[in-house]
Amino acid sequence: MTLKLHLFAATFIACISIGASAAISAESIHLKAQLAGASLRAGDIDMVVYYVDHGDHFEVVATYALNNDPYEPARLRMGLSDGDSVSFGLPGQTGYLYRFSRDGSSVAVIAEPSPAIQSRVEHAFAD
C-alpha cells in the first residue's frame, strides 16, 4: 500500500470509530468536539472531516476520494473563526457544493447539489 492509502485508511477508520460524538446524516455532518471526525458521502465523493482548535481559529481538515478512485485521496485544510462560512465545489467535480461553517465550538459541513445540476434535472423533467 502507498503512504497516501495508509493515511486515508487511518483517517477513515479513526473517524468511523469516534463518529459517535458527531451527528451524521446523509449529506451533512456537525462536529461538536475537536478531533471528533465524521464521514460524509455526496454523490461519488466520500469525505472525512475533523477540526483542531488553535485558540483564535479552528483548523478544519477534510480528506476526500472519489468512489471510482479511492486510492487517490485529496486533502483540504482551512481556518475558520467563529461565524465563518465558506462554500465551494471540489476541483474537477460538478455535482455538489460544499459549505463549511463554524458556530461557537461546532463545525458543520453540508453538501448540496449544485445549481447547475438542479437546473439540468428540472429541465429534463420539464420535457
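Let me start with methionine 78, which lies in strand 6, residues 69-80, and I should say at once that what we are looking at is a predicted model. Is methionine 78 buried or exposed? Its relative accessibility is 14%, and because the cut-off for buried is under 20%, methionine 78 counts as buried. If we leave aside its neighbours within four places in sequence, methionine 78 is in contact with Phe58, Glu59, Val60, Val86, Phe88 and Phe100. There is also a pair to look at with valine 61, which sits 17 residues away from methionine 78 in sequence, while the two C-alpha atoms are 6.8 Å apart in space.

Let me move across to the partner strand. Valine 60 stands opposite methionine 78 in strand 6, and strand 5 is joined to strand 6 by 8 bridges, with the two strands running antiparallel. Again setting aside neighbours within four places in sequence, the contacts of valine 60 include Val49, Tyr50 and Tyr51, as well as Leu76, Arg77, Met78 and Leu80, and also Phe100 and Val107.

Now for the sheet as a whole. Its 4 strands form an open sheet in the order 3-4-5-6, with antiparallel pairing. Strand 3 and strand 6 are the edge strands, each of them pairing on one side only, and from one strand to the next the twist averages 25°.

At the strand 3 edge, we find alanine 38, in the strand that covers residues 38-42. Alanine 38 has a relative accessible area of 0%, and is therefore buried. The C-alpha atoms of alanine 38 and valine 48 are separated by 5.6 Å, although the two residues are 10 apart along the chain.

Let me turn to the core. In soluble globular proteins, nonpolar side chains tend to be buried together. Here the largest nonpolar core has 23 residues, and those with the most contacts inside it are Met47, Val49, Val60, Tyr98 and Phe100. Among the elements that give two or more residues to this core are strand 4 (45-53), strand 5 (58-66) and strand 8 (96-103), and strand 2 (28-31) and strand 9 are also on that list.

Finally, a polar residue: where does serine 114 lie? It is in the loop between strand 9, residues 106-113, and helix 2, residues 115-126. With a relative accessible area of 6%, serine 114 is buried, and its side chain reaches the backbone oxygen of threonine 94 at 2.8 Å. Not counting residues up to four places away in sequence, serine 114 touches Thr94, Gly95, Tyr96 and Leu97.

Note on methods
Residues numbered from 1 in each chain as written. Predicted model: local features only at pLDDT ≥ 70, side-chain atom pairs only at ≥ 80, totals over all residues. Heavy atoms only, no water. Buried < 20%, exposed > 50% of the residue type's maximum accessible area, 1.4 Å probe, protein only. Polar contact = N/O pair within 3.5 Å; in protein donor to acceptor, adjacent residues only side chain to side chain. Contact = heavy atoms within 4.5 Å. Core = buried A, V, L, I, M, F, W, Y, C linked by side-chain atoms within 4.5 Å. Pairing = 2+ DSSP bridges. Axes fitted to C-alpha atoms, helices over the stretch in contact; angles between N-to-C directions.
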